[in-house]
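Student: I'd like to go through this one by asking how each label is earned. Can we start with the packing and work outwards?

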Amino acid sequence: MKKNTSVYELDGMPPLKHALPLGMQHILAMFAGNVAPLIIIANAIKLPIEEKTFLIQCAMFIAGVSTLIQVYGAGPIGSRLPIVQGTSFGFLPTCIAIAGKYGFAGVLGASFMGGFFEMILGAFLKPLRKYFPSVVTGTVLLSIGLSLLPTGIKYFAGGVGAKDFGSPSNLLLGTIVLVTILFFKQFTKGITSMSSILIGLVVGYIVAIPMGKINFSTVAQAGWFEFPMPFKYGMEFHVDAIVAMLLMYLVTAVETVGDISGVTMGGANREATDKELAGGVMADGLASSLAAIFNVLPNTSYSQNVGIIALTGIMSRFVVGIGAGFLILAGLFPKVGTVVALMPASVLGGAAIVMFAMIAVSGMNLITKEKLVGRNSVIVAVAMGLGFGLGSVPEALAYFPESVKMIFGGSGIVVTGIIALALNIILPADEEKVVVGNNAKAA
């Protein structure tokens, strides 16, 4: 039997000369986002530099392990789709609030318990699937893509907090990456077209060196080999911290459903199966509990990697598995991870803009599987109007408690998902009309 080497097939195993650059493309796209939440919370609780380095190492290692679980599965756990896992930005406000009250151990304890809660959600997702038709999951996916676009622009301009944010040099660097990606994607064929994002990132990285945007001195300071130590900070369990975290796990479960739908729709032009959705959400939960054991914030599916698949159509699990192997190596060999971590934000931004926008396009494709009229148009309009609107203007919730603002006034994905789900259940189905003679009558 001939070996399937197609990169466009789920079980395709392309040769390493193709799989390696395509796998690296995925990892480079998520690398900065994977470590940034750990750096932010480390700064918030004033951890020393060596502790930050350790947390980055843990983030790389557990992201690789979690990705392998998601890609290849373990029993009913795992979507068995080319989905990359990594540290979630969505949990950051809640984690910082918990850390301020209970310390990092309180964060890890709440994260650990929340992971099991999400696994339970995943186990019961199949009977709930009827409540998630394409108009609901597509609306959530569209919301995810649109909510990520400001993040992409911020990276493009140099990254939030950068002294030269919005400088011509940052915008030029991001533009070089964007143009490079478009050129190789649209005007070349074969491996160069499929690796367009990787090529864009590499070109941007190289151009950034003479611009003085990369300082390799930190590579010399990084160690050669070190295994991430589990339970280094311990765990504490506090009811209020756990409850706050559970609400965020509800949100990430909805996002994961949207990401899985984005992968199957963008890469295979089909909706996700019940088994893929349930397994993917359970893998999210297991990954988050494992992350807590290894001192890391909750893990989730990465939307930017969904954007890569939507852009390239490459569905090979083997490709993403290769990328996961690199993540694990980066976690074991700090110098390797440090070299990649030095990538300037504007380089990543040039690629992120395309990837995030493609997520929104995948959402549009799902939504328009049926005609966007009547009931469906109302669901999308109200869910996006309130959800994306509140996400863009969180000050509208100024008089509500901090917990409410934190959950509903962030990206708007939560509000969008809840409203789309509720309206899909509440609104009656459109009456079909048939033409009889010259008169249109309800069927």
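Tutor: Sure. This is a predicted model, and its largest nonpolar core has 46 residues. F31, I197, L201, M343, A351 and M355 are those with the most contacts inside that core.

Student: Which helices each supply at least two residues of this core?

Tutor: The list is α1 (16-44), α2 (49-72), α5 (134-156), α6 (168-187), α8 (196-208), α12 (303-312), α13 (317-332) and α15 (345-367). The largest share, nine residues, comes from α15.

Student: What is A351 in contact with, leaving aside its neighbours within four places in sequence?

Tutor: With V177, I181, I197 and L201. Contact here takes heavy atoms within 4.5 Å, so each of those four residues has to meet that cut-off with A351.

Student: And what lies apart from that core?

Tutor: Another core, of 35 residues, with F54, A99, F104 and M245 among them.

Student: F54 interests me. Which aromatic cluster is F54 part of?

Tutor: F54, F104 and Y233 form one cluster. Over the whole structure, the search finds eight aromatic pairs.

Student: What makes the charged end of K232 count as sitting over the ring of F54?

Tutor: The distance part is easy to check: the charged end is 4.2 Å from the ring centre, and the limit is within 6 Å. The direction must also be within 35 degrees of the ring normal. K232 is listed as sitting over the F54 ring, so both conditions are met.

Student: How do you know that C58 isn't in a disulfide?

Tutor: A disulfide needs two cysteine sulfur atoms within 2.5 Å. The closest cysteine sulfur to that of C58 is in C95, 15 Å away, so it is too far for a bond. Looking from the other end, C95 is in no disulfide either, with the sulfur of C58 as its nearest. The structure as a whole holds zero disulfides.

Student: Are those two cysteines buried or exposed?

Tutor: Buried means under 20% relative accessible area. C58 has 0%, so it is buried, and C95 counts as buried because its value is also 0%.

Student: Why is L128 called partly exposed?

Tutor: Its relative accessible area is 38%. Partly exposed runs between the 20% and 50% cut-offs, so 38% puts L128 in that class. L128 lies in helix α4 (residues 125-128). Its C-alpha is separated by 40 Å from that of A345, 217 residues apart along the chain.

Student: What makes α12 "mostly covered"?

Tutor: The count: 10 of its 10 residues are buried. They include polar names such as S303, Q304, N305 and T312, alongside V306, I308, I309 and L311. Just after α12 comes G313, with a positive phi near 80°.

Student: Which residues have a positive phi although they are not glycine?

Tutor: N269, at about 55°, is one of them, and N295, at about 70°, is another. N269 is in the loop between α10 (239-268) and α11 (274-293). N295 is found in the loop between α11 and β2 (299-301).

Student: Why is N269 called exposed or buried, and what about N295?

Tutor: Exposed means over 50%, so N269, at 58%, counts as exposed. N295 has a relative accessible area of 0%, under the 20% cut-off, and is therefore buried.

Notes:
Residues are numbered from 1 along each chain as its sequence is written. This is a predicted model: local features need pLDDT of at least 70, side-chain atom pairs count only at pLDDT 80 or more; totals for chains, interfaces and linings use all residues. Side-chain values use heavy atoms; hydrogens and water are left out. Rings of Phe, Tyr and Trp (its six-membered ring) pair if their centres lie within 6.5 Å; planes under 30 degrees apart count as stacked, over 60 as edge-to-face and the rest as tilted. A nonpolar core is a set of buried Ala, Val, Leu, Ile, Met, Phe, Trp, Tyr and Cys residues joined through side-chain atoms within 4.5 Å. Buried means under 20% relative accessible area, exposed over 50%, partly exposed in between (1.4 Å probe, protein chains only). Helices (H or I, at least four residues) and strands (E, at least two) are DSSP runs, numbered from the N terminus.
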